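Visitor: Please take one part of this model, the loops with an unusual backbone angle, and go through it closely, giving the cut-offs as you go.

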Amino acid sequence: MPELPEVETVKAGIAPVMEGRVIARAEVNRPDLRWPFPERMAERLTGQRVLGLRRRSKYILVDLESAETLLIHLGMSGRMLVSGQMIGEFHHPHPAPAKHDHVVFHMENGARITFNDARRFGAMDLMQTARQDDHWLIRDLGPEPLGNAFNETYLVERLKGRNTPIKSALLDQRIVSGLGNIYVCEVLFRAGIHPARKAGRISAARAASLVPLIRDVLSEAIAAGGSSLRHYRQSDGELGYFQHVFQVYDRAGKPCVTHGCDKTITRIVQSGRSSFFCPQCQR
């Protein structure tokens, strides 16, 4: 499932053709994805000017002139593809409609943004912008890891006394929003912390050191356009490249990249998710 860097990359890819533009026609080709679409979604989107795009955790938020905000969740296989407009140096003509093109935004400038989702685990919803913090997908989210509210003091306090593994704690969206399995594995490797270590037994200094490492890993992944695993693509159809510099994720059985370490990367399963780590470098 796309994590914060992938969602940020998609948002940045569609923003130039949506922000400040009118949705000339919204085309909704089915009644639901993971959940039913809101009532009259196509009608409520058609004719609306897009004031701006934001990201909250793993959701793209599209603010409309109607004082409503469209929430978009990519799910496991959702993609937003731009056509009919220049993206960087390339022009992408409109493709023929595809089987899994569930929502299409026909923009006034001739661009088309298509939400394609083969597995239909994505979602869209409309909410009052002024009340977005009350939306059930947003209200319990913790601070953004790249924002000022997520700092060393905050994280040390939230981890204090917790009996859950540090991997699970960092994946808890109530503690910090947007982090997922891939990037938590990479962060814990850089921190030298075993993913099964109890969060409450990590010293304050080591817990605090996680904050800049989280920011570094996410920033590097955003700059690389995210990680292309299975279905994920950027909005222009290109691959993300951070997966080429994974230090532990999906490298089970391969040598540790740490100079002088002769161990291989190990995989364990925690709460149904794969964790990758070096048994020597991470304690």
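Guide: Strands here are DSSP runs of E with at least two residues, helices are runs of H or I with at least four, and both are numbered from the N terminus. The model is predicted, so local features need pLDDT of at least 70 and side-chain atom pairs count only at pLDDT 80 or more, while totals for chains, interfaces and linings use all residues. Residues are numbered from 1 along each chain as its sequence is written, and side-chain values use heavy atoms, without hydrogens and water.

With those terms in place, the chain has 12 strands alongside 6 helices, and one loop to examine lies between strand 3 (59-64) and strand 4 (68-73), where Ala 67 is found. Although Ala 67 is not a glycine, its phi is positive, near 70°. Most residues other than glycine have a negative phi. Ala 67 counts as partly exposed because its relative accessibility is 40%, the class that lies between buried (under 20% relative accessible area) and exposed (over 50%), with a 1.4 Å probe and protein chains only.

Further along, the loop between strand 9 (112-117) and strand 10 (123-128) holds Arg 120, a residue other than glycine whose phi is also positive, at about 60°. The relative accessible area of Arg 120 is 34%, and therefore Arg 120 is partly exposed.

As a setting for these two partly exposed residues, buried residues make up 51% of the 283 residues in the chain. The accessible surface of the chain, computed by the Shrake-Rupley method, comes to about 13,100 Å², and 49% of that surface belongs to carbon and sulfur atoms.

How values were computed:
Areas by Shrake-Rupley, 256 points an atom, 1.4 Å probe, with all protein chains shown as cover.
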